[in-house]
Amino acid sequence: AGSCYQQAKRALHAALPDRLHARDKETGVIRQFLREHVRGRQPGSLYISGPPGTGKTACVSRVLLDCKDELTGSKTIVLNCMALSSPAGIFPAVAQELGLPGAAGRDCVRRLEKQLTAQGPMVLLVLDELDQLESKGQDVLYTLFEWPRLPRSRLVLVGLANALDLTDRGLARLGARPAGSPQLLHFPPYTREQLSTILSDRLGQQEAGDPVLDAAALQFCARKVSAVSGDARKALDICRRAVEVVELEVRSQPLLKPLPGGEW
């Protein structure tokens with residue numbers, strides 16, 4: 001019995017699944033954007049927003065995997081901004097990925113701009129947790145989103161953030177020139193039905209047999225999580241913990257229980 005619980009827990013981990021439910025439209029937009037801009041050698045930017053656990057990172061990762069062949073010939077850089085000690089740390093991090101010698105401050109930004117407008121392959125820069133780059137005056141975000149608009153730029157920028165209004169708040173200056181404004185893509189929270197499908201699908205990938213968690217439990221979890229956040233990671237987490245509880249209960253039961261009165 002132990003193996004079925006292990007399988008269930010593995011299936012409920014938030015790793016990248018083979019199938020992304022209820023995100024066909026969003027995946028299609030990201031794929032089309034990369035085709036137009038990276039393969040079509042058109043600099044541009046895409047701003048992806050949505051609450052945590054709505055599949056933003058998973059969709060981008062899936063598209064990057066699926067389009068690997070199409071993106072050969074270009075340079076792809078994926079950075080998580082949570083790993084930076086300060087917003088301005090993004091510039092040396094990108095410089096390092098591009099093989100530029102170490103530099104700091106304005107000098108680093110100038111070198112990057114020179115590199116990104118020189119002859120060469122398209123550069124796809126994917127920045128996850130973009131909210132971390134908010135700074136006083138929003139200069140860091142503004143600089144990044146300006147790069148695809150520089151003459152002869154070869155940068156395609158994809159930014160992912162939880163905040164829906166980051167571009168309104170921080171990048172109002174970009175909006176003044178709509179021709180180069182970032183394309184916007186919003187990921188809404190998952191609905192009860194979508195969460196239920198995600199959970200059932202994950203657990204349905206196990207071997208046939210009695211389900212570890214019954215359908216009513218999955219529905220209950222989907223309903224509760226959709227009412228609060230629509231966060232698929234939370235739903236997976238709750239179900240994983242529920243499996244652990246069931247596993248502990250089963251393990252602690254004696255194999256043969258004596259009948260009341262001490263008779264067997």
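Student: Where is the place of Glu129?

Tutor: In this predicted model, Glu129 sits in the loop between β3 and α6. Its phi is positive, about 55°, although Glu129 is not a glycine.

Student: What makes a positive phi worth a remark in a residue other than glycine?

Tutor: Most residues other than glycine have a negative phi. Arg152 is another case, with a positive phi of about 65°, and it is found in the loop between α6 and β4. Gly99, which follows α4, also has a positive phi, near 75°.

Student: Why does Glu129 count as partly exposed?

Tutor: The relative accessibility of Glu129 is 23%. Buried means under 20% and exposed means over 50%, so Glu129 falls in between and counts as partly exposed.

Student: Is Arg152 buried or exposed?

Tutor: Arg152 has 66% relative accessibility. The cut-off for exposed is over 50%, so Arg152 counts as exposed.

Student: How do you know whether Thr143 is buried or exposed?

Tutor: Thr143 has a relative accessible area of 13%, and the limit for buried is under 20%. Thr143 is therefore buried. This residue lies in helix α6. Not counting residues up to four places away in sequence, it touches Phe91, Val109 and Glu113.

Student: Which residues does Phe91 contact in turn?

Tutor: Leaving aside neighbours within four places in sequence, Phe91 is in contact with Cys108, Val109, Leu112, Val140, Thr143, Leu144 and Trp147.

Student: Why are α4 and α5 called oblique to each other?

Tutor: Helix α4 (residues 90–97) and helix α5 (residues 105–116) pack at an angle of about 40°, their axes 9 Å apart. Roughly parallel requires an angle under 35 degrees, and roughly perpendicular runs from 65 to 115. The angle fits neither class, so α4 and α5 are oblique. The crossing of α4 past α5 is left-handed.

Student: What makes up the contact, by residue class?

Tutor: On the α4 side it is made by Phe91, Pro92, Val94 and Ala95, and on the α5 side by Cys108, Val109 and Leu112. These divide into seven nonpolar, no polar and no charged residues.

Student: Which residues of α4 are buried?

Tutor: They are Ile90, Phe91, Ala93, Val94 and Ala95. The buried residues of α4 pack against β2, α5, β3 and α6.

Student: Which members of the largest nonpolar core touch the most other members?

Tutor: That core has 31 residues, and those touching the most other members are Ile90, Phe91, Leu112, Leu127, Leu130, Leu133 and Leu144. Two or more residues each come from β2, α4, α5, β3, α6 and β4. The largest share, five residues, comes from α4. A second, separate core of 21 residues includes Val38, Leu64, Val156 and Leu185.

Student: Why are α9 and α10 called oblique to each other?

Tutor: The axes of helix α9 (residues 192–204) and helix α10 (residues 215–228) cross at roughly 140° and come within 8 Å. Roughly antiparallel needs an angle over 145 degrees, and roughly perpendicular ends at 115. The pair lies in neither class, so α9 and α10 are oblique. Their crossing is right-handed.

Student: How many residues of each class are in the contact of α9 with α10?

Tutor: Arg192, Leu195, Ser196, Leu199, Ser200 and Leu203 in α9 meet Leu218, Gln219, Cys221, Ala222, Arg223, Val225 and Ser226 in α10. By class there are seven nonpolar, four polar and two charged residues.

How values were computed. Residues numbered from 1 in each chain as written. Predicted model: local features only at pLDDT ≥ 70, side-chain atom pairs only at ≥ 80, totals over all residues. Heavy atoms only, no water. Axes fitted to C-alpha atoms, helices over the stretch in contact; angles between N-to-C directions. Helix = DSSP H or I, 4+ residues; strand = E, 2+ residues; numbered from the N terminus. Left-handed = near helix turned anticlockwise from the far one by under 90°. Contact = heavy atoms within 4.5 Å. Nonpolar A, V, L, I, M, F, W, Y, C, P; charged D, E, K, R; others polar. Core = buried A, V, L, I, M, F, W, Y, C linked by side-chain atoms within 4.5 Å. Buried < 20%, exposed > 50% of the residue type's maximum accessible area, 1.4 Å probe, protein only.
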